Amino acid sequence: MDVNGNIGILGAGRMGEALLSGLLRSGAASPDRIRATVRRPERAAELTAQYDVEVSTDSAAVAEWADQVVIAVKPQTLGQLLDQIVGHIRPGEPVISVVAGITCARFEQALGDIPVVRVMSNVPVLVDEAMSAISPGAFATEADLVTAEKLLTNVGRVVRLGEQHMDAVTALAGSGPAYFFLLAEAMIDAGLLLGLSRDVSTELIVQTMVGSALMLRDTGRHPVELRESVTSPGGTTIAAVRVLEEQRVRAAFLNAIEAARDRAVELGAD
Ligand SMILES: NC(=O)C1=CN([C@@H]2O[C@H](COP(=O)(O)OP(=O)(O)OC[C@H]3O[C@@H](n4cnc5c(N)ncnc54)[C@H](OP(=O)(O)O)[C@@H]3O)[C@@H](O)[C@H]2O)C=CC1
Ligand SMILES: O=C(O)[C@@H]1CCC=N1
């Protein structure tokens, strides 16, 4: 989906670069309509060479040039960036933040009565399969939400949610890919335990996960129903499920995701 106007990406690290590359890949914006910033000049040079996009360390200048800015720095370095760009956001220019845990109010306090859209996305942005949630700040309009949606639908799916849910979204979808990767790692190790080579075990598990994820998304069937369809009476799956339940894997996920949510709250309070 085409994005109107100039796009500034402040903090072209993993998330910022993924968004930048996704916008170029989809053709939503041409390289001359995107500018990005980082902290280190050598990283700026590397990104400029790779994408043919102007990347610098001057966030104030990019904020002035842009019609919309995406902020994608770590929460711990946000204060420094806000000091650099205060007074350089043009009236009505939406600030779209992907910074975990940081409220719209924090941006409004630092930058004035500006439209803020808070986003929580995730790393499958790299393969155009991100899950993003967006919520508006006090001064964001419907048009600002549509701007954020236009940016993000180029790299995946987007839902609108109230800001009170954003820490939960961070714990579920923002951090979620890490839980899947951990699960993949553990299942691949299990293949080794059973005598398979790492290559074979990896291929089996990766394709099993891709196929299962597609079934979940594309059939719309409930996970319980899908799991039951695999679980034969007296068979192998129920033997494994019993061990998972005995090991309290479900409780571990509930506790882990609650801990991630609590950490998002802490990051926002820092
Ligand atoms: N990684 C993930 O899976 C997810 C991350 N997020 C959120 O996205 C944000 C970015 O995370 P991630 O991409 O992993 O972090 P990275 O550390 O990979 O990227 C941060 C980038 O910000 C740049 N930067 C820091 N300070 C400034 C500044 N003052 N001006 C301009 N650029 C600056 C850094 O520059 P340099 O490279 O030169 O140091 C770096 O490129 C975080 O707030 C995180 O909470 C949200 C969802 C998922
Ligand atoms: O771990 C983190 O804090 C960030 C936010 C969501 C995913 N990565």
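**A sheet, two ligands and a recorded binding site**

P75 is placed in the loop between β4 and α4 (78–85). In this predicted model, P75 has 16 C-beta neighbours inside 10 Å and therefore counts as partly exposed. The residue also appears in an unreviewed UniProt entry, which lists L10, G11, A12, G13, R14, M15, A72, V73, K74 and P75 under "binding site". These positions are spread over 66 residues of sequence, yet they cluster in space, with a largest C-alpha distance of 14.0 Å.

L10, another member of that list, makes a helpful companion to P75. L10 belongs to strand β1 (residues 7–10). Because 26 other C-beta atoms lie within 10 Å of L10, this residue is buried. Leaving aside residues up to four places away in sequence, L10 touches T37, S59, V62, V69, V70, I71, A72, V73 and L81. Two of these contacts, A72 and V73, are themselves among the positions that UniProt lists for the binding site.

From L10 the view can widen to the sheet. Eight strands form an open sheet with mixed pairing, in the order β3-β2-β1-β4-β5-β6-β7-β8. At its edges are β3 (54–56) and β8 (156–160), each of which pairs on one side only. Neighbouring strands are turned against each other by 20° on average, with direction ignored. Helix α7 (residues 166–174) packs on this sheet, where it touches β6 (116–120) and β7 (130–136). The direction of α7 makes about 35° with that of β6.

Within the sheet, strand β4 (residues 68–71) and strand β5 (residues 95–97) run parallel and are joined by three bridges. V69 has V95 as its bridge partner in β5. V69 is also one of the residues that L10 touches.

The ligands complete the picture. Ligand 1 is surrounded by 29 residues, the closest being G11, G13, R39, R40 and A100. Of these, G11 and G13 are also found in the UniProt list for the binding site. Helices α1 (14–26) and α4 each supply at least two residues of the shell around ligand 1. By class, this shell divides into 13 nonpolar, 11 polar and five charged residues.

Around ligand 2 are A100, T170, G174 and S175. This shell holds one nonpolar and three polar residues, and no charged ones. A100 thus takes part in the surroundings of ligand 2 and is also listed among the closest residues to ligand 1. T170 and G174, for their part, stand around ligand 2 and fall within the residue range 166–174 of helix α7.

How values were computed: Residues are numbered from 1 along each chain as its sequence is written. Chains are lettered from A and ligands numbered from 1 in the order in which they are written. This is a predicted model: local features need pLDDT of at least 70, side-chain atom pairs count only at pLDDT 80 or more; totals for chains, interfaces and linings use all residues. Two strands pair if DSSP finds at least two bridges between them. Helices (H or I, at least four residues) and strands (E, at least two) are DSSP runs, numbered from the N terminus. Axes are lines fitted to C-alpha atoms, for helices over the stretch in contact, and angles run from 0 to 180 degrees between N-to-C directions. Two residues are in contact if their C-beta atoms, placed from the backbone, lie within 7 Å. A residue is near a molecule or strand if its C-beta atom, placed from the backbone, lies within 6 Å of it. Ala, Val, Leu, Ile, Met, Phe, Trp, Tyr, Cys and Pro count as nonpolar, Asp, Glu, Lys and Arg as charged, and the others, Gly among them, as polar. UniProt positions are given in the numbering used here, feature names are shortened, and annotations may be inferred rather than shown by experiment. A residue is buried if 20 or more other C-beta atoms lie within 10 Å of its own, exposed if 12 or fewer, and partly exposed in between; C-beta atoms are placed from the backbone.
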